[in-house]
Amino acid sequence: MSTLQALIFDVQGTVCDFRSSVAEAARKVAGDRSADIDWGRFVDDWRRKYRPALDAILSGSRPWSPVDRIYRHALDEVIEAHGVEWLTPDERERINFAWQVIAPWPEAVAGLQRLKRRFTLATLSNADVSAVINISRNGGLPWDAIFAAEMAGTFKPDPRTYQMALRYLGIAAENAMMVACHKYDLLAAATLGLKTAFVARPLEFGPGGDVDTAFDARFDINAHDFLDLADQLGC
């Protein structure tokens, strides 16, 4: 780790609690009309449509689309499935925008501030650049640089996304570490020579959600949260 210069972070799920944030936003928009709706499950069903859409674009079977529009298209399907078709177009846009103001996990900002004392901190998200900017401003996230897969015209785990971030940072792969709660992201980064840090987020899909939090010897660091990561990196 002596040559490590930069930490590159996934955002949705790793840095931020999208489930609680989006569920609360939807609950507020719906108001008294939705007392019997499980908005957490609503968000879970919505999020499940996200990765298949990205994979379809990566395979060439679906044309390029901003992630904001991917979420918006999927939202109509989830609204119908949950029987809340009475949401107006404006209300649907407001709920969709909630992905751009998702809140950080409770320890995230404090952990990032400690890590920033020693390392350059950057994002590498599949979310749109504009969304990562909004998320970062809303959550007070102390990045030195914001990168998103959109800048490479593709999505993670396409190698071009990680190579783009390294190019803009001006560092070699072995001097950077990818930080994520999603193992596919870390494995893709590792194939290019980046160091890897797995951060477990057991509540990414709520209590009892289907999420892999098992520490894994394939990664250079396994951490419970960003404070633990800072401890392990001597920050």
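Two residues are in contact when heavy atoms of theirs lie within 4.5 Å, and the exercises below use that meaning for a predicted model.

**Exercise 1.** Determine which residues T196 is in contact with, leaving aside its neighbours within four places in sequence, and decide whether T196 is buried or exposed.

*Solution.* Begin by placing the residue: T196 belongs to strand β7, which covers residues 195–199. Next, leave aside the neighbours within four places in sequence, and the contacts of T196 are M177, M178, L186, A190, R218, F219, D220 and I221. Finally, compare the accessibility with the cut-off: buried means under 20% relative accessible area, and because T196 has a relative accessibility of 1%, it counts as buried.

**Exercise 2.** Work out the order of the strands in the open sheet, and find which strands stand at its edges.

*Solution.* The sheet is made of six strands with parallel pairing, and their order is β5-β4-β1-β6-β7-β8. At the edges stand β5 (145–148) and β8 (221–223), and since each has a single partner strand, one side of each is left without a neighbour in the sheet. On average, neighbouring strands of this sheet are turned by 25 degrees against each other, direction ignored. One pairing can then be followed in detail: β1 (residues 6–9) and β6 (residues 176–180) run parallel and are joined by four bridges, and A6 has A176 as its bridge partner in β6. To finish, add a helix to the picture: α8 (residues 159–169) lies across β1, β4 (120–125), β5 and β6, and runs at about 150 degrees to β4.

**Exercise 3.** Explain why the buried residues of helix α6 are on the same side of the helix, and state what they pack against.

*Solution.* First list the residues: in α6 (residues 108–116), the buried ones are A108, G111, L112, R114 and L115. These residues cover an arc of only 160 degrees around the axis, and therefore they are on the same side of α6. A general rule helps here: an α-helix has 3.6 residues a turn, so residues three or four places apart point the same way. As for the packing partners, the buried residues of α6 pack against β1, β3 (103–104), β4 and α10 (226–232).

**Exercise 4.** Describe the surroundings of A26, beginning with the helix in which it lies.

*Solution.* A26 is part of helix α1, which covers residues 18–30. With a relative accessibility of 1%, A26 counts as buried. Apart from its neighbours within four places in sequence, A26 is in contact with W39 and I95. As a last step, consider V43, which is 17 residues apart from A26 along the chain: the C-alpha atoms of the two are separated by 9.0 Å.

Conventions: Residues numbered from 1 in each chain as written. Predicted model: local features only at pLDDT ≥ 70, side-chain atom pairs only at ≥ 80, totals over all residues. Heavy atoms only, no water. Helix = DSSP H or I, 4+ residues; strand = E, 2+ residues; numbered from the N terminus. Buried < 20%, exposed > 50% of the residue type's maximum accessible area, 1.4 Å probe, protein only. Pairing = 2+ DSSP bridges. Axes fitted to C-alpha atoms, helices over the stretch in contact; angles between N-to-C directions. Arc of directions from axis to C-beta.
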